[in-house]
Amino acid sequence: MKYRQLGASGAAISHYSLGTMTFGAETSEEDSHAQLDLYAERGGTVIETADVYSGGVSEQIVGRWLANRDNATTDAMFLAGKGRFPVGVPAFEAGLSRRHLRRALDATLARMGVDHLDLYQVHSWDPLTPLEETLGFLEDAVRSGKVSYVGLSNFLGWQIAQAATLARGRFPLVSMQPQYNLLAREVEWEIVPASEANGLGILPWSPLGGGWLAGKYTKDAAPSGATRLGEDPERGVEAYGKRSQDERTWRVLDAVSEVATRIGRTEAQVSLAWLDSRPAVSSIILGCRTSEQLASNLDASDVELSAEDLALLDEASDPQPANWPYGAAGVEQRSRSLG
Ligand SMILES: NC(=O)c1ccc[n+]([C@@H]2O[C@H](COP(=O)([O-])OP(=O)(O)OC[C@H]3O[C@@H](n4cnc5c(N)ncnc54)[C@H](OP(=O)(O)O)[C@@H]3O)[C@@H](O)[C@H]2O)c1
């Protein structure tokens with residue numbers, strides 16, 4: 001395991017976080033605890049959760065693990081939570097209002113059985129709540145000692161810039177959590193630069209594109225069996241119908257497979273190593289159904305991709321922005337050198 005600073009903050013965290021979206025869903029409590037044990041043994045320090053995962057059950061599973069392990073193990077953990085979506089309240093009451101976030105944070109702390117989170121992230125932008133109101137709540141949460149650091153998730157570039165500008169000097173806004181993987185690089189146009197410019201560490205979610213980058217789905221056969229898309233082919237951003245029709249998907253998977261064969265590693269390990277090489281990435285959020293998947297993914301830590309491997313993966317996955325200001329001409333116009 002390697003350790004990195006979380007953005008421009010002083011907090012050091014492991015470069016792989018453990019995501020808990022599968023806990024209480026496709027992963028039982030016993031298996032979730034086995035994943036947490038394995039992750040801790042391998043030097044992992046970040047448990048990444050959200051109140052909406054399994055309707056609060058994921059947080060409870062983490063809470064029972066924290067309550068039943070020794071202090072040395074649990075003290076090493078950097079606890080990250082998220083709030084915004086409705087859990088046990090009507091949808092109209094959710095969002096980033098003071099009222100909702102206060103209740104959501106307290107409910108998260110109660111379910112996890114802790115009095116404090118290391119990182120509290122707003123799960124997505126809320127067009128209805130004034131940003132100042134949200135930031136006021138987050139500032140109070142830090143001052144009250146319930147939260148050490150604050151993060152964003154699923155914000156766009158301008159939203160990141162606005163939040164970071166307003167938060168400066170008031171509380172430590174340190175991270176941004178977007179979808180980021182070899183099949184989803186559009187975040188590099190605005191979201192990654194806005195995060196870097198404001199000292200936010202990137203915490204990529206769905207680093208394997210929901211399982212696609214493990215090489216488990218094929219062009220010729222619809223997904224089946226006990227896999228994410230086998231159980232629900234049209235689930236989420238990784239839906240089979242949408243992704244399988246994009247030629248880039250297969251080009252990327254071919255490149256990943258070629259590198260994996262050349263260096264004797266799995267496709268998932270190659271995909272994780274590529275993401276780890278990207279600037280501004282602080283910690284990659286692993287998501288697993290089984291401990292076997294987790295063990296294998298953690299082994300990506302020592303994968304060294306050569307310049308040739310990286311170039312192949314970069315080229316195959318380039319989202320190829322169609323036009324200025326995102327293409328080469330736009331980049332050139334924004335650069336300046338003294339010669
Ligand atoms: N902020 C947000 O809006 C947001 C959104 C999504 C996720 N997240 C966070 O990010 C974490 C990770 O997201 P994710 O679960 O989508 O990550 P992912 O790594 O893209 O996909 C994980 C899934 O891929 C499959 N998989 C993983 N390793 C594998 C391996 N070695 N071989 C074969 N299959 C493998 C498993 O699914 P199957 O075996 O079931 O096919 C696993 O559940 C979540 O737990 C959560 O903490 C945040």
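**Exercise 1. Place Ala76 in the fold and decide whether it is buried, exposed or partly exposed.**

Step 1: look at the neighbours. Ala76 sits in the loop that runs between helix H3 (71-75) and strand E5 (78-83). Helices (H or I, at least four residues) and strands (E, at least two) are DSSP runs, numbered from the N terminus. Residues are numbered from 1 along each chain as its sequence is written. You're working with a predicted model: local features need pLDDT of at least 70, side-chain atom pairs count only at pLDDT 80 or more, totals for chains, interfaces and linings use all residues, and side-chain values use heavy atoms, with hydrogens and water left out.

Step 2: check the accessibility. Buried means under 20% relative accessible area, exposed over 50%, and partly exposed in between (1.4 Å probe, protein chains only). Ala76 has 41% relative accessibility, so it counts as partly exposed.

Step 3: go from sequence to space. Ala76 and Gly44 are 32 residues apart in sequence, yet 8.6 Å apart C-alpha to C-alpha.

**Exercise 2. Work out which residues of helix H13 are buried and what they pack against.**

Step 1: list them. In H13 (residues 307-317), the buried ones are Asp309, Leu313, Ala316 and Ser317.

Step 2: look down the axis. The buried residues of H13 fall within an arc of 90°, so they line one face of the helix; the arc is that of the directions from the helix axis to the C-beta atoms. Here's the background: an α-helix has 3.6 residues a turn, so residues three or four places apart point the same way.

Step 3: turn to the other side. There, Ala307, Glu308 and Glu315 are exposed.

Step 4: find the partners. The buried residues of H13 pack against helix H10 (247-263) and helix H11 (267-276), where contact means heavy atoms within 4.5 Å.

**Exercise 3. Find how Trp125 and Trp158 pair up, and where each one sits.**

Step 1: start with the search. The whole structure holds eight aromatic pairs. Rings of Phe, Tyr and Trp (its six-membered ring) pair if their centres lie within 6.5 Å; planes under 30 degrees apart count as stacked, over 60 as edge-to-face and the rest as tilted.

Step 2: classify the pair. Trp125 and Trp158 are 5.2 Å centre to centre with 70° between the planes, which is edge-to-face.

Step 3: locate the partners. Trp125 is in the loop between strand E6 (117-122) and H5, and Trp158 is in helix H6, 33 residues apart. Trp125 is buried, with a relative accessible area of 19%.
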